[in-house]
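Reader: Please examine one part of this model closely and place it in the context of the whole. I would ask that the cut-off behind each term be stated once.

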Amino acid sequence: MRAHTFAPDWLPRQMQHPLAGYLIALFLQLLATGLDLFLVQFFGDFALPGVPIVLVIVCVGLFWGAGPSLVALVVGVTLLD
């Protein structure tokens, strides 16, 4: 798992620590869940609930690798439930 966890080179040096990817994954999932709840509450006919959560999982997986994307997946599924 460690071999497939990385940080983008364009991030500042402090944000390239592996722990930063996990914390960003957690924060983005909380943000995406709040956005999802907002969209469902104010637009009752919103046809694609859960899309912001899946989008965060994909983005975290592309930018930070397998470890943080698994954290984003577990947090997203837990919050979506």
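**The largest nonpolar core**

Author: Ten residues make up the largest nonpolar core: L11, I24, A25, A32, I53, V56, I57, V60, W64 and A72. Such a core is a set of buried Ala, Val, Leu, Ile, Met, Phe, Trp, Tyr and Cys residues joined through side-chain atoms within 4.5 Å. Helix 2 contributes the most to this core, namely five residues, and helix 1 and helix 2 each provide at least two. Buried here denotes a relative accessible area under 20%, exposed one over 50%, and partly exposed the range in between (1.4 Å probe, protein chains only).

The model is predicted: local features require pLDDT of at least 70 and side-chain atom pairs pLDDT 80 or more, whereas totals for chains, interfaces and linings use all residues. Residues are numbered from 1 along each chain as its sequence is written, and side-chain values rest on heavy atoms, with hydrogens and water left out.

The core belongs to a protein chain with three helices and zero strands, in the order α-α-α along the sequence. Helices (H or I, at least four residues) and strands (E, at least two) are DSSP runs numbered from the N terminus. Of the 81 residues of the chain, 32% are buried. The C-alpha atoms occupy a box of roughly 40 × 25 × 15 Å along the principal axes. Among contacts (heavy atoms within 4.5 Å) with a separation of 6 or more, 65% join residues 24 or more positions apart.

One core member, A25, illustrates such contacts: setting aside residues up to four places away in sequence, A25 touches V60, P68 and A72. Both P68 and A72 are among the buried residues of helix 3, together with G67, S69, V75 and G76. The cover over these buried residues includes helix 1 (18–42) and helix 2 (51–64). Helix 3 itself comprises residues 66–80, 15 in number, and reaches 21 Å from first to last C-alpha, close to the expected 21 Å; the expected span is 1.5 Å times one less than the number of residues.

Helix 1 also holds T33, which counts as buried because its relative accessible area is 10%. Beyond its neighbours within four places in sequence, T33 is in contact with the core residue I53 and with L79. L35, likewise in helix 1, is partly exposed, at 43%. Its C-alpha lies 7.4 Å from that of P52, 17 residues away along the chain.

The loop between helix 1 and helix 2 contains G50, which is buried at 8% relative accessibility. G50 touches D36 and L80, residues up to four places away in sequence not being counted. By contrast, G50 and D9, 41 residues apart in sequence, have C-alpha atoms 30 Å apart.

At the surface, W10, V54, V58, L62 and F63 form a nonpolar patch of about 540 Å². Patches consist of residues with over 30% relative accessible area and no salt bridge, like charges being joined within 9 Å and nonpolar side chains (Val, Leu, Ile, Met, Phe, Trp, Tyr) within 5 Å; a salt bridge places a side-chain nitrogen of Lys or Arg within 4 Å of a carboxyl oxygen of Asp or Glu. V54 of this patch lies in helix 2. The accessible surface of the chain totals about 5,600 Å², with 74% belonging to carbon and sulfur atoms; areas are from the Shrake-Rupley method with a 1.4 Å probe, and for residues only the protein chains shown count as cover.
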